[in-house]
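This report goes through a structure element by element, starting with the overall layout and ending with a contact between chains. Please keep the sequence and the model at hand while reading.

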Amino acid sequence: MAENTIEIRNVGKRYAEHVAVRDLSLFVPRGAVYGLLGPNGAGKTTTIRMLLNIIAPDSGTINIFGQPNTDPRITNRIGYLPEERGLYRKMQVRRVLRFLAELKGVPAKVADKRIDQWLERLDLKTAEKDWGASKIDELSRGMQQKVQFIGTLLHDPDLVILDEPFSGLDPINAQALKDTIVELKERNKTVIFSTHLMDNAERLCDSVCIIARGEKVLDGSVVSVKEEHGNRSIALAVTDRSHGAVGTILNDRSLVNRVDDSNRFFEIELAPSADPQVLLRRLVEAGVGIQRFEMVQPSLHQIFLEKVGATGVEEGMTGHG
Amino acid sequence: MAKLWAIIKREYLERVRSKWFVIATMFGPIIMGALVIVPAYITAKSKSTEAIFNSTILDATTTGIGDRISLAIVGNNPKATVRPKVIVVPPSALSQAESTATRDVVERRLNGYIVLDQQTLAGERARYAGRSATSIPDMERVRSAIRQTIVAMRLEKAGVNPDSIKELTFMPLSLSSERITDKGRGGSGTVSIIFAAAIAFLLYMSIVLYGQNVLRGVLEEKTNRVAEVVVSSVPPETLLAGKVIGVGGVGLTQQVIWALTTFAMMKARAPIMEKMGLTAAPFSMPDIGWGTAVLLVVFFVLGFTFYAALYAAAGSAVNTEQEAQQVVQPLILMLVGTAVFIQPILVNPGSRMAQIMSWMPFSAPIIMPLRLSMTSVPPLEIALTLLGLVAACFGAVWVASRIYRVGLLMYGKKPTLREMARWVTYSR
């Protein structure tokens, strides 16, 4: 089996009005949890649709499991959760799930057994109530989301593709999704998901790719990405935010390149030639009460801001989620 | 293939299970039954009944003819327990007797009365007044009883043997009519027109209803975003094909159920009506052979495919039902344009216009079956029409599938026809 589950080489897609994806290459190792990060409109969904062969790229090649992604046999090994979700509203939950399983080549009998297991596991089938017999539109939004997860995973795919999986999820389902991703990882499945929420990505992903305006900004394992941008970051916590010197020192461009200000906590990116010792000394000399001063690796969020910058914010970037 | 089957199965079962389908399917036979039995029941109710026997004959002829007429009215009807009572009145007291009888009728002691006078004897006029005046069979019974009796009396006067008179005058003649057309004798004339109109209308209705149904299905999948999940598992063309076949199967199922129940009802009609105490008027279905029946199905399948594919394309291109109504206008135009020709072609199925309309792929699925059930169409003409229709189907499906796969993932504003035409040339 190929070492990489997904290999995208020099892929481009242009629409009448704009370029959605430009010369994108990325590789997702088998068994990885891979994050596709970028502001809204960066080309994440287009990339995912090209991966799934829903739309065809204008140029470049895409291989999945070592096969061209146009090979119909690979679709049975992929599970997909689209960004905007919905199901046949008038259909019974069990019948919808059986249909989705059959589309992935799972025989109805096998599917039925798995459906029951999943419904029980996600509390949709309890001693009091079996929601499997209800119609979709009798379910709450949260329950419908659960049904959609089940539909994505019912055929036990080797590659799971999730487009903005966390958007619109209630906290309980978000937790269930995280647990599921971890479990898939433990079973050596490959998971790729797009998100604009850096916190989730930082905690879940082995590797990431940041794209903006249809182009790759950077990619690699989270560890290596952080190392590359590492050790120029300082985590600073102060006791008294209102101390006048704090603002003055942090605004000194010879010392500090950028600050992510969270009131009592600052994530600081040092200026290229600045010495962290100088920064610490100046703060101490000014009499600022310091709770924490630590050389850290930057957060993905920080890296994202640095790389995509203000233009990303302009285009709808929404920072911490 | 298994996936196509899964899609067909879903489209078919979800629709057949719906209340809408069950109601519509039951509605057909119920209407059919009502059309067959109710009119017969109503005519039978007004058929010559016992009521007419409970009348009075006011005999002002002074010849004693009243008694004979009373017997003639009853005839050999087994239901008659009474026979019209005869009151012999002198001509001068007739108006007095009539007022009395009228009051009796008003107060429901009497059904009605028959007045016999000199004019009756002359064979010119008799009168009836009463509650059965609107019943054509009752009046016919009274009229022929009087006629028969007067003819008999005249014959007696002429010296004919009384025994042979009854034989000579008795004739329960009924007249049945049959139509001869260009094609020759062919069942009852009106029945074959009704049948042809019913077929054309059924095809038209099914194509419109189930075409709209396909459109709504596509639109639902698009707005739900289920389409995206499905086309990540199968090519959009497969989804389109599954949908058209599944929905078409539903339409076909409904029509087969309708055809079978209609057939069964025609068979069971006489026994059922007998149970209700009615006699079934003779009624024969036009004789359509298996060949024609198969052709009808083929025309439905092709016509449905042609329109359903285009409806699906329309559904994929838009985002709301309102937009859909605008986009399908060209389709509606083709269908309604065909429907307005049904009536003139029914009147004159051999006309040049009928021929041309039955050749055009967009109207052939409706007009050709209509012609087939009314006149004989040369096999070569049928074959060429089918060929054209099949070609048109391929064209429609090809265009539709290309619009469909682009449209399914396009959200936002409604595309113009020009934009949709451009989608056909997109690679994907």
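What follows describes the overall make-up of one chain, then its strands, its helices and its contact with a second chain.

## Basis

This is a predicted model, in which local features need pLDDT of at least 70 and side-chain atom pairs count only at pLDDT 80 or more, while totals for chains, interfaces and linings use all residues. Residues are numbered from 1 along each chain as its sequence is written, and chains are lettered from A and ligands numbered from 1 in the order in which they are written.

## Chain A overall

Chain A has ten helices and 14 strands. Helices here are DSSP runs of H or I with at least four residues, strands are runs of E with at least two, and both are numbered from the N terminus. Along the principal axes, the C-alpha atoms of chain A fill a box of roughly 75 × 50 × 40 Å. Of the 321 residues in chain A, 40% are buried. A residue is buried if 20 or more other C-beta atoms lie within 10 Å of its own, exposed if 12 or fewer do, and partly exposed in between, with C-beta atoms placed from the backbone. Among the contacts in chain A with a separation of 6 or more, 70% are between residues 24 or more positions apart. A contact means that the C-beta atoms of two residues, placed from the backbone, lie within 7 Å.

## Strand pairs

Several strand pairs of chain A are listed below. Two strands pair if DSSP finds at least two bridges between them.

| Strands of chain A | Sense | Bridges | Residues opposite each other |
|---|---|---|---|
| 1 (residues 4-14) and 4 (residues 59-64) | antiparallel | five | A:Ile8 and A:Ile62 |
| 3 (residues 33-37) and 9 (residues 207-212) | parallel | four | A:Leu36 and A:Cys209 |
| 9 (residues 207-212) and 10 (residues 215-221) | antiparallel | six | A:Cys209 and A:Asp219 |
| 11 (residues 233-238) and 13 (residues 265-270) | antiparallel | five | A:Ile234 and A:Ile268 |
| 12 (residues 256-262) and 13 (residues 265-270) | antiparallel | six | A:Asp261 and A:Phe266 |

In chain A, four strands form an open sheet in the order 2-1-4-5, with antiparallel pairing. Its edge strands are strand 2 (19-29) and strand 5 (67-68) of chain A, each of which pairs on one side only.

Strand 12 and strand 13 of chain A form a hairpin with two residues between the strands, where A:Asn263 takes a positive phi near 70°. The hairpin of strand 9 and strand 10 of chain A also has two residues between the strands, and A:Arg213 in its turn has a positive phi of about 50°.

## Strand 9 and A:Ala201

Is strand 9 of chain A enclosed or open? Six of the six residues of strand 9 of chain A are buried, so the strand is largely enclosed by the rest of the structure. On one side the buried residues are A:Ser207, A:Cys209 and A:Ile211, and on the other they are A:Val208, A:Ile210 and A:Ala212. A:Val208 stands opposite A:Gly220 in strand 10 of chain A.

A:Val208 is also one of the residues touched by A:Ala201. A:Ala201 lies in helix 6 (residues 198-204) of chain A. It counts as buried because it has 25 C-beta neighbours inside 10 Å. Leaving out residues up to four places away in sequence, A:Ala201 touches A:Gly35, A:Leu37, A:Thr195, A:Val208 and A:Leu300. The C-alpha atoms of A:Ala201 and A:Val33 are separated by 9.3 Å, although the two residues are 168 residues apart along the chain.

## Helices 2 and 4

Helix 2 (residues 93-103) and helix 4 (residues 141-153) of chain A pack at an angle of about 25°, with their axes 9 Å apart. That angle makes helix 2 of chain A roughly parallel to helix 4 of chain A, a class that takes angles under 35 degrees. Axes are lines fitted to C-alpha atoms, for helices over the stretch in contact, and angles run from 0 to 180 degrees between N-to-C directions. A:Val93, A:Val96, A:Leu97 and A:Leu100 in helix 2 of chain A meet A:Val147, A:Ile150 and A:Gly151 in helix 4 of chain A. These contact residues divide into six nonpolar, one polar and no charged. Ala, Val, Leu, Ile, Met, Phe, Trp, Tyr, Cys and Pro count as nonpolar, Asp, Glu, Lys and Arg as charged, and the others, Gly among them, as polar.

## Contact with chain B

How many residues of chain B are in contact with chain A? There are 18 residues of chain B in contact with 19 residues of chain A. Helix 1 (2-16) and helix 9 (226-231) of chain B each supply at least two residues of the side of chain B that touches chain A. The residues on that side of chain B divide into eight nonpolar, four polar and six charged.

Terms used. Parallel < 35°, antiparallel > 145°, perpendicular 65-115°, else oblique.
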